[in-house]
Amino acid sequence: MAHSPMPSVADHRRPSDLWIPIVASGLIMGLALGARHVQGLFLLPVTMDRGWSREGFAMAMAVQNLTWGIAQPFAGMVADRFGATKVIAAGLILYAIGLVGMMLAATVSLFVLAAGVCVGVAQAGTTFGVVYAALNRLMPAEKRSWALGLAGAIGGLGQFALVPVSQALISTVGWMNALLILAAAVPVLLPLVLLLRNRQAEDQPSAGHIPMSAAIVEAFRHQGFWLLNIGFLVCGFQLTFAQTYLPSYLVDNGLSPSDGVAALALMALLNVVGTYLFGVWGGTMRRKYLLMALYLARMVAIALFITIPLSKASVYAFSATLGFLLLSTVPLTNGLVAQIFGVRYIGTLFGILFFNHQLGSFIGVWLGGYVFETTGSYQTGWIIAAALGVVATVVHWPIVDRPIVRGTVKASTI
């Protein structure tokens with residue numbers, strides 16, 4: 001079913017009723033995802049200053065992604081039961097605590113606790129799983145895909161802005177003070193949480209056609225849900241491997257740190273365009289086909305990047321392409337879950353999917369550090385990332401994306 005990508009005259013809500021929660025969602029995700037996006041910039045200064053190995057830093061980032069994934073289903077369940085705004089507010093506070101902990105950590109173990117566990121749990125409450133769930137419930141069905149894409153684009157602008165800001169802070173005041181400034185910026189967003197409150201949904205948490213446990217069983221009996229899990233695992237591997245290791249990969253191959261900064265910034269900037277456009281396209285075209293095209297394009301981009309001679313031109317072309325495809329999977333996948341299962345338990349179901357995304361992220365980050373320590377290069381990791389793109393392309397083809405009609409159609413539609 002096609003959806004209008006823009007607000008229509010048939011919608012009797014004021015324009016601000018649509019735009020205010022979209023902008024609030026985007027700003028919250030922009031800071032939360034941006035602080036994560038730039039952590040690759042801290043790899044070299046942190047490890048050199050502390051005398052740690054890159055594998056130790058990689059372990060902290062890997063634990064962060066795995067913790068995020070483990071916490072996401074539970075964050076979604078709490079949001080579905082008690083309201084998303086409470087979870088988002090708690091996540092922002094915990095995020096600030098984690099960033100301060102990264103600054104103060106004197107050992108790898110403490111760094112893993114702060115950057116891995118604390119920030120990982122915080123991300124579960126401040127990013128896609130919970131924020132998109134709140135936004136889904138605030139938007140009419142025909143505008144959800146557009147709204148998710150636009151919120152993701154605004155979040156992408158935050159990611160883009162934080163790349164040069166973080167690098168400038170690291171260069172001028174040092175990496176420790178840079179983390180402290182990022183931590184101080186997080187609580188400033190707390191008032192925006194109130195703009196995402198859906199009083200009807202949060203004051204009546206028992207509303208819905210089926211209990212949460214039945215919704216989870218229903219999803220696990222649907223073959224398409226399992227295939228989406230596989231695709232999202234690949235997405236997590238590719239995304240986090242590239243974001244974490246691209247800056248150091250470029251330095252290791254003779255380019256300057258500024259090229260790594262420019263690559264991350266370009267990636268974040270093009271992510272704004274890609275996330276918005278794929279969100280709009282998801283309202284007019286079948287999302288599973290868009291996901292297939294997206295993963296296939298990622299595979300081609302990575303394969304070309306590691307095949308042709310490395311240069312500034314090839315780096316910028318790769319960063320722009322990967323950025324365009326970077327987080328576009330999220331509104332499409334989230335929208336596909338809402339399309340099939342409805343929005344009542346979207347936080348819970350997308351949280352389960354996101355666990356597998358972060359499992360892939362954990363594998364990608366850990367494997368990148370391990371491969372570098374054993375081979376002195378990230379090349380093998382890039383090859384694996386390209387090969388997994390083929391897997392993700394194939395698994396989306398058989399997904400049956402018809403909405404479940406409860407009471408007349410069994411949950412397993414394949």
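How many positive and negative side chains does the protein chain have, and how far apart do the centres of the two sets lie? Let's warm up with that one, then work through a few more on this predicted model.

**Exercise 1: Charges**

Task: count the charged side chains and locate the two sets relative to each other.

Solution: Start with the positive set, which has 22 side chains. The negative set has 13. Now take the centre of each set: the two centres lie 9 Å apart.

**Exercise 2: The overall fold**

Task: work out what secondary structure the protein chain has and how compact the chain is for its length.

Solution:
- Step one, secondary structure: the protein chain has 16 helices and 0 strands.
- Step two, compactness: the globule rule gives 22 Å for 414 residues, and the radius of gyration is 20 Å, close to that value, so the chain is as compact as a globular protein of that length.
- Step three, extent: the C-alpha trace spans about 60 × 40 × 40 Å along its principal axes.
- Step four, burial: 59% of the 414 residues count as buried.
- Step five, surface: about 15300 Å² is accessible, and carbon and sulfur atoms own 72% of that.
- Step six, contact range: take contacts between residues at least 6 apart in sequence, and 86% of them join residues at least 24 apart.

**Exercise 3: Aromatic pairs**

Task: find out how many aromatic pairs the structure holds, then classify the Phe232 and Phe350 pair by its geometry.

Solution: The total is 27 aromatic pairs. For Phe232 and Phe350, the ring centres are 5.7 Å apart and the planes meet at 65°. The cut-off for edge-to-face is over 60 degrees, so this pair is edge-to-face. Next, place the partners: Phe232 sits in helix H10 (residues 223-252) and Phe350 in helix H15 (residues 346-375), so the pair ties together parts 118 residues apart in sequence. Finally, check burial. Phe232 has a relative accessible area of 1% and is buried, while Phe350, at 0%, is buried too.

Task: do the same for Phe241 and Tyr378.

Solution: Here the centres are 6.5 Å apart and the planes are at 85°, so this pair is edge-to-face. Phe241 belongs to helix H10, and Tyr378 to the loop between H15 and helix H16 (379-395), so to speak bridging distant parts of the chain, 137 residues apart. Both Phe241 and Tyr378 are buried. Zoom out and you'll find them in one aromatic cluster, together with Phe237, Tyr245, Tyr249, Phe305, Phe318, Phe372 and Trp382.

**Exercise 4: Val365**

Task: say whether Val365 is buried or exposed, and list what Val365 touches beyond four places in sequence.

Solution: First, the location: Val365 lies in helix H15. Its relative accessibility is 0%, and with buried meaning under 20%, Val365 counts as buried. Then the neighbours. Leaving out residues up to four places away in sequence, Val365 touches Ala58, Met61, Ala62, Asn65, Thr240, Thr244 and Tyr245. Tyr245 is also a member of the aromatic cluster. As for Phe237, its C-alpha lies 7.6 Å from that of Val365, even though 128 residues separate the two in sequence.

**Exercise 5: Two glycines**

Task: describe where Gly91 and Gly274 lie and which residues each one touches.

Solution:
- Gly91 lies in helix H4 (residues 84-104) and is buried at 4% relative accessible area. Outside the four places on either side in sequence, Gly91 touches Ala122 and Thr126. Its C-alpha is 9.4 Å from that of Ala32, 59 residues away in sequence.
- Gly274 lies in helix H11 (residues 257-281) and is buried at 0%. With the same sequence neighbours left out, Gly274 touches Phe324 and Ser328. For Asn356, 82 residues along the chain, the C-alpha separation from Gly274 is 23 Å.

Key: Residues numbered from 1 in each chain as written. Predicted model: local features only at pLDDT ≥ 70, side-chain atom pairs only at ≥ 80, totals over all residues. Heavy atoms only, no water. Helix = DSSP H or I, 4+ residues; strand = E, 2+ residues; numbered from the N terminus. Rg over C-alpha atoms; globule rule 2.2 N^0.38 Å. Buried < 20%, exposed > 50% of the residue type's maximum accessible area, 1.4 Å probe, protein only. Contact = heavy atoms within 4.5 Å. Areas by Shrake-Rupley, 256 points an atom, 1.4 Å probe, with all protein chains shown as cover. Lys, Arg positive; Asp, Glu negative; His and termini not counted. Charge placed at Lys NZ, Arg CZ, Asp CG, Glu CD. Phe/Tyr/Trp six-rings, centres within 6.5 Å; stacked < 30°, edge-to-face > 60°.
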